[in-house]
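Here is a friendly walk through a protein pair and a DNA strand that sits with it. Have the viewer open as you read.

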Number of protein chains: 2
Amino acid sequence: MTASSCYTRTWTTQRAPGLAKAKRTLKWQRDPEGMRLRILEAAKQEFSAHGLAGARVDRIAAKAGANKRMLYYHVGNKDELYLAVLEGAYDKIRSEERGLDLEHLDPPEAIRRLIEFTWNYFLRNPEFLSLLQTENLARAKHLKKSTKVKSMHSPFVEMIRTVVRRGVESGDFQVAVDPVQLYISIAALSFFYLSNSAALSVIFGRDLLDKKAKDERLAHMSGLVLAALTGRSVELFEIAKAPKSRSAVAQTV
Amino acid sequence: MTASSCYTRTWTTQRAPGLAKAKRTLKWQRDPEGMRLRILEAAKQEFSAHGLAGARVDRIAAKAGANKRMLYYHVGNKDELYLAVLEGAYDKIRSEERGLDLEHLDPPEAIRRLIEFTWNYFLRNPEFLSLLQTENLARAKHLKKSTKVKSMHSPFVEMIRTVVRRGVESGDFQVAVDPVQLYISIAALSFFYLSNSAALSVIFGRDLLDKKAKDERLAHMSGLVLAALTGRSVELFEIAKAPKSRSAVAQTV
DNA sequence: ACAGTATTTATCCAACGGGTTAATTTCTCC
DNA sequence: GGAGAAATTAACCCGTTGGATAAATACTGT
C-alpha cells in the first residue's frame with residue numbers, strides 16, 4: 001500500500017570541493033529538467049499501474065523522489081500530468097516506427113515487419129497499453145485537448161498507404177485496403193491479446209504469456225494478415241488438436 | 001457531481017385495499033431479489049462508466065434507489081460487487097453465443113456469423129468492453145477468484161474447434177487454426193476498434209463510429225478473416241484513396 | 001395478534017487525497 | 001557578496017469515501 005521507495009535522492013553534497021573551510025552541506029540541489037523527467041517517469045508508472053482514478057498523486061511524488069508540490073509546479077494537476085505522460089508515450093512509439101523504413105522493403109515484408117514491430121513494442125512497453133486503455137475509459141478526454149498528438153499520425157498513415165499501393169501495383173496484394181483499417185487491425189491483434197491476457201488466460205485456462213504462446217501468437221497474426229492480403233496462405237496456423245484430458249495449465253502472469 | 005436520480009422508488013403504497021379503515025401508509029416495501037438486481041444493474045453502469053477506482057459506492061446506491069448499506073447486505077464490498085457484475089456480463093454474452101447455432105452452418109458462414117455477432121454484441125453492450133478493460137487493468141484479480149467463469153468457456157472453444165475442423169475437411173478452409181487464437185483474433189478486431197474508438201478517432205482525425213465507418217469496419221474484419229481462412233479474397237476491402245484536402249471530420253462520439 | 005427474523009433506513013467516522021499556502025533554500029547575475 | 005528569481009520543502013485544508021453501527025420498519029408463521 002505504502003509507496004515503494006524506488007530510490008531516495010541523497011543530495012547531501014559537499015559544496016566548493018577546493019576550499020577546506022566552506023564545505024557547506026546542501027539540503028538539496030536544483031535540477032528542473034531532471035525533476036520534470038523523473039516526475040513524468042514516475043507518473044507513467046503510477047498511471048499505468050493504477051489507472052487514472054486509482055493513481056495517487058502522493059505516490060507519484062514519492063516515486064519521483066520529489067515533494068508533491070513539484071508536480072503542480074513543473075507539470076500541472078493530475079489530468080495535465082496524465083496528458084503529458086500520454087503525449088510522451090505516443091511520441092515514443094511513433095518515432096520508433098519512423099525508423100522502420102518500410103518504404104524500402106517489398107510490401108509483404110514491410111507489413112510483416114510492421115506487425116512484428118508492433119507486437120514487440122507492446123511487449124516491451126506494457127505501460128503504453130495500460131495508458132491507452134485508461135485514456136479510452138475516459139473517452140479520450142485528455143487527448144482531445146492535445147494539439148501535438150493529432151499531427152503525429154498523418155505521416156504514419158501515409159507511410160502505410162504507400163506500402164499498400166505498391167503492393168497492389170506489384171501484384172503482391174490481391175486487394176487494396178484502407179490503411180487506417182489495416183493499421184487498426186494490426187494493432188488490434190497484438191493489443192487485445194496482450195492487454196487482455198490476464199483475463200483471457202483465466203477464462204481459457206492457459207498461460208498466454210509463456211514463450212511458446214507468444215511465438216504462436218506472432219505466427220498466427222502474421223499469417224492471418226498476410227494470407228488475407230496476398231491470398232497465399234503463409235506457413236503458420238497450428239493444427240487444432242482436441243485436448244484429451246484438458247490438463248490444467250499454469251496461469252503465471 | 002451529485003448522483004443522478006434515475007428513478008426514485010415511491011413505495012408509499014396503500015395496504016389492505018379492501019378495508020377502508022386500515023389503509024396504512026408504508027414507508028417502504030421488501031423486495032430482496034428486485035433490490036439485488038437493481039444494485040447489480042446500477043453497479044454495472046457505474047463501474048463501466050468510471051472504472052473500478054473511479055466508481056463510487058454512494059452513486060451505485062443512489063442509482064439503485066437503495067441505501068448504501070444494501071450493497072453490503074446483498075452483495076458485498078466494492079470488489080465483490082465488481083466480480084458479481086463481471087460474472088453476470090460473461091454469463092450474458094456466452095449464453096447469447098450459444099444461441100448462434102454455428103454447428104449447423106457451413107464453416108465460412110459460421111465464422112462470418114460469429115464475427116457479426118461479436119461486433120454487434122460489442123456495439124450493443126459497450127459496458128461489457130469497459131468492464132473487461134477495467135478488469136485487465138486490475139490484472140484479472142477478481143476473475144481469478146471466480147469459479148463460475150472458467151467453466152463457461154470450454155464448450156465455446158469446442159464449438160469453434162468443430163467449425164474449423166469441418167471447414168478443413170470440406171476444403172473450405174486452407175488452414176487449420178487454433179480455435180483459441182482464432183476467437184481471440186475475431187474478438188480483438190472488434191474489441192480494439194470499439195473500445196479504443198475515442199482515442200483512435202482523435203489521432204486519425206475521423207469519426208470511427210458513424211454509420212459508414214461501422215459498415216466499413218465490419219466488411220473489413222469479415223474480409224480479413226475469411227480471406228485468410230479460405231484463400232479466396234472475399235468482396236470488401238475498400239480501395240485506399242489518397243485524401244485530397246484532408247478535410248476535417250467531425251468526431252461525434 | 002404477536003414474536004422473531006429479514007430487510008431497509010439513518011447516521012457516523014476516520015482515513016484519504018487532490019490541491020493550496022507559506023516559508024526555505026539554492027542559484028545567478030551584477 | 002548580496003539581491004532577486006527560481007526551485008524545493010513543509011504543513012495544512014477540507015470535501016470525499018468506503019465502510020461500520022445502530023435503530024427502525026416490514027413481513028412470516030403460528
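Chain B and chain A bury about 6,100 Å² between them, with 66% of that area on carbon and sulfur atoms. On the chain B side, B:Leu137, B:Ile203 and B:Phe204 lose the most area to chain A, and together they make up 11% of what that side buries. Please keep in mind that this is a predicted model.

**Where the two chains meet**

In terms of contacts, 72 residues of chain B touch 72 residues of chain A. The rule finds two salt bridges across this interface. In a salt bridge between B:Arg206 and A:Asp178, the side chains meet at 2.6 Å, N to O. There are also 10 residue pairs in polar contact between chain B and chain A, with both partners at pLDDT 80 or more.

Several helices of chain B each bring at least two residues to the side that touches chain A, including H1 (32-54), H4 (78-98), H8 (154-170) and H11 (211-230). Helix H9 of chain B gives the most, with 14 residues. Sorted by class, the chain B side holds 41 nonpolar, 17 polar and 14 charged residues.

**A closer look at one residue**

B:Gln181 is a handy place to zoom in, and it is found in helix H9 of chain B. Is B:Gln181 buried or exposed? B:Gln181 counts as buried because its relative accessibility is 4%, and the cut-off for buried is under 20%. Setting aside neighbours within four places in sequence, B:Gln181 is in contact with A:Tyr193, A:Arg206, A:Ala213, A:Glu216, A:Arg217 and A:His220.

**Around DNA strand D**

Now for the nucleic acid: 28 residues surround DNA strand D, and the closest are A:Arg30, B:Lys27, B:Arg30, B:Arg56 and B:Lys68. Of the strand D atoms that come within 4 Å of the protein, sugar and phosphate account for 61%. The table lists some distances to phosphate oxygens of this strand.

| Residue | Protein atom | Distance to a phosphate oxygen of DNA strand D |
|---|---|---|
| A:Asp31 | backbone N or O | 2.9 Å |
| A:Tyr73 | side-chain N or O | 3.0 Å |
| A:His74 | polar side-chain atom | 2.7 Å |

The elements giving two or more residues to the surface near DNA strand D are helices H1 (32-54) and H3 (68-74) of chain A, together with helices H2 (57-63) and H3 (68-74) of chain B. Helix H3 of chain A supplies the largest share, four residues. By class, the surface near DNA strand D has 10 nonpolar, five polar and 13 charged residues.

How values were computed. Residues numbered from 1 in each chain as written. Chains lettered and ligands numbered in written order. Predicted model: local features only at pLDDT ≥ 70, side-chain atom pairs only at ≥ 80, totals over all residues. Heavy atoms only, no water. Contact = heavy atoms within 4.5 Å. Buried area = accessible area lost by both parts, 1.4 Å probe. Salt bridge = Lys/Arg side-chain N within 4 Å of Asp/Glu carboxyl O. Polar contact = N/O pair within 3.5 Å; in protein donor to acceptor, adjacent residues only side chain to side chain. Nonpolar A, V, L, I, M, F, W, Y, C, P; charged D, E, K, R; others polar. Buried < 20%, exposed > 50% of the residue type's maximum accessible area, 1.4 Å probe, protein only. Near = heavy atom within 4 Å.
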